[in-house]
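Here is a short report on a predicted model. It moves from a helix to the enclosed spaces, then to an open pocket and a strand at the start of the chain.

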Amino acid sequence: MSTRIAFLKGHGTENDFVIVPDPENVIDLSPAAVTALCDRRAGIGGDGLLHVVRSAAHPEAKGMAAEAEWFMDYRNGDGSIAEMCGNGVRVFARYLQRAGHVSEGDLVVATRGGVKSVHIAKDGDVTVGMGKALLPEGEVAVRVGERSWPARNVNMGNPHAVAFVDDLAHAGNLSTAPPFSPASVFPDGVNVEFVVDRGPRHVALRVHERGAGETRSCGTGACAVAVAAARRDGDDPAVTGSPVTYTVDVPGGRLMITERVDGEIEMTGPAVIVAEGEIDTEWLEIAVG
């Protein structure tokens, strides 16, 4: 392990991340190391970790290197690997801009969920092309205490169960995963969103993120919620021929989600770098054990 490890801290609508630049993929970021760094009391603190690697230097991203120079090797706060993180992509792009690797305008980022198109606007907001939503058939239900709701199964490169409720307080304590059924639908767990209406094409959510607990925001979750709300409201751009945009309020801010006629989904929101420094490698080695 390098004797000096640089890091930054950033967030997108308060979904926060430890950022570790490692262009040549030489830093050993084991699950235990990621967990220690994301610990809010004993570490730096974050919902997840953004490992910044050149695609050509990472075995999982070499096949995307011709299309995207940079790979977002994203890890959940518990050290597990995730396919995709929408807020994370925005913060990842903001870091690349800060480091001088890219400038305002269009770029692409490789992720385990595929290559994502990104646009950094002059006003500071970042738009990410999130791909198309898959809507698997079959009934799903989520439960909190004595309450149970039907949920829409939406896959945004990672799985989501979207439940519309009367009051966000009914979601209870989302530090632990709400039970869902049938268990076979999500064998690797699921992100669960509880949603209320705020107005026409305007919703608010709380979310349990798989591997992180309740977070202040979830980009893929906001996209899943917008798609589920649109279908509930009878809007399908592929059928109507018109794009549809939903305002999605998350505990940490606001995201704008647009589903285009071709099914592609775009998410726009802020991305902020708040600090940078160096990790004490002696501490990290002790923390990892």
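The buried residues of α3 are Gly-219, Thr-220, Gly-221, Ala-222, Cys-223, Ala-224, Val-225, Ala-226, Val-227, Ala-228, Ala-229 and Ala-230. That makes 12 of the 14 residues in this mostly covered helix. The length of α3 fits expectation: at 1.5 Å a residue its 14 residues should span 20 Å, and the end C-alpha atoms are 20 Å apart. In an α-helix, residues three or four places apart point the same way, because there are 3.6 residues a turn.

Just past the helix, Gly-234 adopts a positive phi of about 85°. Next comes Asp-235, in the loop between α3 and α4 (237-240). Is Asp-235 buried or exposed? Asp-235 has a relative accessible area of 16%, so it counts as buried, the cut-off being under 20%. Beyond its neighbours within four places in sequence, Asp-235 is in contact with Arg-201, Ala-230, Val-244 and Tyr-246.

**Enclosed spaces**

How many cavities of 30 Å³ or more does the whole structure hold? The search finds 2. The largest cavity has about 100 Å³ of space. It is lined by 15 residues, and the closest to its centre are Asn-76, Met-84, Asn-158, Asn-191 and Glu-209. Two elements, β4 (70-76) and α3 (219-232), give two or more residues each to this lining.

The second largest cavity has about 30 Å³ of space. Its lining consists of Ala-226, Val-227, Ala-230, Val-244, Tyr-246, Ile-257, Thr-258 and Glu-259. Here α3, β15 (244-250) and β16 (253-259) are the elements that supply two or more residues. Ala-230, Val-244 and Tyr-246 belong to this lining and are also contacts of Asp-235.

**The largest pocket**

The largest pocket has about 170 Å³ of space. Of its 14 lining residues, Ser-117, Val-128, Gly-129, Arg-260 and Glu-266 are the closest to the centre. Strands β6 (114-120), β7 (126-132) and β17 (264-269) each supply at least two residues of the lining.

The table gives the volume and the lining classes of each space.

| Space | Volume | Nonpolar | Polar | Charged |
|---|---|---|---|---|
| Largest pocket | about 170 Å³ | 5 residues | 5 residues | 4 residues |
| Largest cavity | about 100 Å³ | 5 residues | 7 residues | 3 residues |
| Second largest cavity | about 30 Å³ | 6 residues | 1 residue | 1 residue |

**Strand β1 and its partners**

Strand β1 covers residues 5-12 and is mostly covered, with 6 of its 8 residues buried. Which strands pair with β1? One is β18 (residues 272-279), antiparallel to β1 and joined to it by 7 bridges. Lys-9 stands opposite Ala-275 in β18. The other is β2 (residues 15-21), also antiparallel, with 5 bridges to β1. On that side, His-11 stands opposite Asp-16. In a regular strand, side chains alternate between the two faces of the sheet.

β1 and β2 form a hairpin with 2 residues between them. In the turn, Thr-13 has a positive phi of about 45°. Gly-234, just after α3, likewise has a positive phi, of about 85°.

Definitions and conventions: Residues are numbered from 1 along each chain as its sequence is written. This is a predicted model: local features need pLDDT of at least 70, side-chain atom pairs count only at pLDDT 80 or more; totals for chains, interfaces and linings use all residues. Side-chain values use heavy atoms; hydrogens and water are left out. On a 1 Å grid over the protein atoms alone, a cavity is a set of points where a 1.4 Å probe fits but cannot get out, and a pocket is an open set with protein on both sides within 12 Å along at least five of seven lines; lining residues have an atom within 4 Å of a point. Grid points are joined across faces, edges and corners, and a volume is the space filled by probe spheres set on the points. Helices (H or I, at least four residues) and strands (E, at least two) are DSSP runs, numbered from the N terminus. Ala, Val, Leu, Ile, Met, Phe, Trp, Tyr, Cys and Pro count as nonpolar, Asp, Glu, Lys and Arg as charged, and the others, Gly among them, as polar. Buried means under 20% relative accessible area, exposed over 50%, partly exposed in between (1.4 Å probe, protein chains only). Two strands pair if DSSP finds at least two bridges between them. The expected span of a helix is 1.5 Å times one less than its number of residues. Contact means heavy atoms within 4.5 Å.
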